[in-house]
Amino acid sequence: MKYLARTSTGEPLLGDDDGFVPLGSVEPDLERVRQALPRAAVGTLGDVDDATADRIPAANLTFAAPLERFGKLWGIGLNYEEHAGDLDEDRPEEPASFMKPSSVLTGPGGPIRLPPTDRSERVTAEAELAVVMGRTCRNVAEADVDDVVAGYLPVIDMTAEDVLQRNPRFLTRAKSFDTFLVPGPVLVVPEEPLELSSLSVRTEVNGEVEAENEIRNMLFPPAEIVSFHSGVMTLEPGDVFSTGTPGAAPIEPGDHVRAVVESIGSVDAPVTR
């Protein structure tokens with residue numbers, strides 16, 4: 001697999017398991033590639049072995065979000081039957097989707113800033129696998145989804161649960177406070193279709209596992225989510241689907257949250273108010 005990332009100063013990087021190189025050392029027309037990302041991630045990025053620069057270990061880098069600009073931000077609720085049961089919710093017949101504004105995004109490493117207590121007194125954090133679109137598409141069959149996906153990210157999603165519990169119609173507000181979506185630092189770009197079903201997703205708080213499940217136990221797997229929503233609207237490069245959490249955990253100032261998606265990566269952030 002290849003990895004697409006950006007330094008904290010915004011320089012695009014291309015990587016593999018042995019480290020990262022400046023994307024400009026692989027793709028001479030860097031401005032063309034920069035404008036095309038993440039479309040360029042769909043089979044057109046160069047090879048790290050052909051770079052004119054030496055690899056830099058990931059441990060020696062500080063990352064920003066892997067894309068300078070994300071598109072539409074979709075979330076999927078109640079996508080693990082066990083989680084829906086924990087919330088006393090019925091199994092949805094279709095993906096329980098919602099959208100979040102771009103202002104929820106914060107960089108890898110956070111921090112997650114809880115809203116003032118007069119706005120919400122109970123916020124939960126949720127680990128999720130995110131799918132990032134790489135092509136403009138409409139009415140995509142499930143079998144063709146791999147052709148339009150740029151890659152995958154771990155994300156931490158947040159919910160102001162007391163706001164939501166007052167009225168389910170308040171979902172958009174409950175999900176939309178600033179810093180309520182923390183993307184992972186590296187976009188994983190498969191070079192061939194990636195088998196996701198056996199991978200696990202794990203929510204951790206202060207080093208303790210709060211929830212974990214396998215993607216095979218999603219009610220609506222990632223390919224179905226993308227295909228379904230491509231029948232609703234045109235999907236574009238940089239659009240993101242957070243595919244649901246195996247379980248949420250309440251968080252307080254001073255906590256440290258980590259989302260782990262097996263074989264994809266992890267992202268963590270401290271919690272402040």
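**Strand β17 and its chain**

Visitor: Which residue in β17 is the bridge partner of Val257?

Guide: In this predicted model, Val257 has Ala269 as its bridge partner in β17.

Visitor: What makes β16 and β17 count as a pair of strands?

Guide: Two strands pair if there are at least two bridges between them, and β16 (residues 256-261) shares 6 bridges with β17 in the antiparallel sense, so the two count as paired. In the hairpin that they form, 3 residues lie between the strands, and Ser263 takes a positive phi near 70°.

Visitor: How do you know that β7 pairs with β17?

Guide: The cut-off is at least two bridges, and β7 (residues 112-113) and β17 (residues 265-272) have 2 bridges in the parallel sense, so the pair qualifies. Within this part of the model, Arg113 stands opposite Thr272 in β17.

Visitor: How many helices and strands does the chain have, and why is it called as compact as a globular protein of that length?

Guide: The chain has 5 helices and 17 strands. Its radius of gyration is 18 Å, close to the 19 Å that the globule rule gives for 273 residues, and it is therefore called as compact as a globular protein of that length. Along its principal axes, the C-alpha trace spans about 55 × 40 × 30 Å.

Visitor: What percentage of the residues count as buried, and what makes a residue buried?

Guide: A residue is buried if its relative accessible area is under 20%, and by that cut-off 53% of the 273 residues count as buried.

Terms used: Residues numbered from 1 in each chain as written. Predicted model: local features only at pLDDT ≥ 70, side-chain atom pairs only at ≥ 80, totals over all residues. Heavy atoms only, no water. Helix = DSSP H or I, 4+ residues; strand = E, 2+ residues; numbered from the N terminus. Rg over C-alpha atoms; globule rule 2.2 N^0.38 Å. Buried < 20%, exposed > 50% of the residue type's maximum accessible area, 1.4 Å probe, protein only.
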